[in-house]
Amino acid sequence: MFKTACVVSVVAIAGSAQSQVWPQFEGAMKHVLITFDGTNVGVEIDHLVNPEPTPLPMVNYGDAHTSPADVLDGMYISSQYGFLADGLISLPQDAAIWVEMTGATPGLEIYEGGRRMMRASHTYAPIFGTDGSDAAWQWDGNMHHPWVAAPALGDYEAIFEVYIGDAVTGARLSGYVSDEVTLDWVAIPSPASASLLGLAGAAALRRRR
Ligand SMILES: [Cu+2]
């Protein structure tokens, strides 16, 4: 165990990009489409571009992730759901679109992501109440796939309200109508073959160095 840790730190000092372990993702993006017509916010899960039925799978790949992604270590994870603007959104002055998690299965954790291909530059900051963070999170209008994590096998869901709020405080602004969406996941056992391949790969890497 100690030996493995030494190897990892030496590789990190060398600064090799190959030594970085970012959270894995598989499965096509499943977008949570957001609209705003000037009064009404709309939010719905895309079933046209990606007809994959929900709940979406969460898998524990057993990876020791590069910080700050190590908040996902030991967890069943998914980044398939992503908030995405469905058409042009024109916001009132000093207003922003906020997403608030109003309920979730106990144990569910969510961390800030972004575009999945940009995972090396995500903040992995806790959001939606995770680790004492605010329940509401300001969406910047760009595609955003948060990292959702669960501690154990089983079914998980989270309810989100999407609303127009003050761009600074997040306070709800009157005159606008919010909408709600429920996202669901199921944490499943990881394929044994994938784990074995991963272990074999790590062993080969250690031998080479
Ligand atoms: Cu996406």
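User: Are the residues on the two faces of strand β10 buried or exposed?
Analyst: One side carries His-145, Trp-147 and Ala-149. The other carries Pro-146, Val-148 and Ala-150. Strands here are DSSP runs of E, at least two residues long, and helices are runs of H or I, at least four long, both numbered from the N terminus. By relative accessible area (under 20% buried, over 50% exposed, partly exposed in between; 1.4 Å probe, protein chains only), both faces are covered and these residues are all buried.

User: What kind of model is this?
Analyst: Residues are numbered from 1 along each chain as its sequence is written, and side-chain values use heavy atoms, leaving out hydrogens and water. Local features need pLDDT of at least 70, side-chain atom pairs count only at pLDDT 80 or more, and totals for chains, interfaces and linings use all residues; the model is predicted.

User: Which residue of β10 stands opposite Ile-77?
Analyst: Strands pair if DSSP finds at least two bridges between them. Strand β4 (residues 76-78) runs antiparallel to β10, with three bridges. Ile-77 faces Ala-149.

User: What is the bridge partner of Gly-114 in β10?
Analyst: Strand β7 (residues 109-114) also runs antiparallel to β10. Four bridges join β7 and β10. Gly-114 is paired there with His-145.

User: What is the geometry of the copper ion site?
Analyst: Donors are N, O and S atoms within 2.8 Å of the metal (3.2 Å for Na, K and Ca); water is not among the atoms, so sites may look incomplete. The protein donors are Met-29 (SD), His-31 (NE2), Met-143 (SD) and His-145 (NE2), at 2.0 to 2.4 Å. Four donors need all angles between 85 and 135 degrees for this label. The angles here span 92 to 124°, and the site is tetrahedral.

User: How many residues apart are Met-29 and His-145?
Analyst: Met-29 sits in the loop between α1 (2-14) and β1 (30-36), and His-145 in β10 (residues 145-150). Met-29 is partly exposed at 34%, whereas His-145 is buried at 0%. The pair links distant parts of the chain, and the separation in residues is 116.

User: Which residue makes a side-chain polar contact with Ser-178?
Analyst: Ser-178 lies in the loop between β11 (154-166) and β12 (179-188), partly exposed at 30%. Leaving aside residues up to four places away in sequence, Ser-178 touches Val-41, Glu-161, Val-162 and Tyr-163, where contact means heavy atoms within 4.5 Å. A polar contact is a pair of N or O atoms within 3.5 Å; within protein, one must be able to donate a hydrogen and the other to accept it, and residues adjacent in sequence count only if both atoms are side-chain atoms. At 2.6 Å, the side-chain partner of Ser-178 is Glu-161.

Methods
Four donors count as tetrahedral if all angles lie between 85 and 135 degrees; four count as square planar and six as octahedral if opposite donors are over 155 degrees apart and all others between 65 and 115; anything else is irregular.
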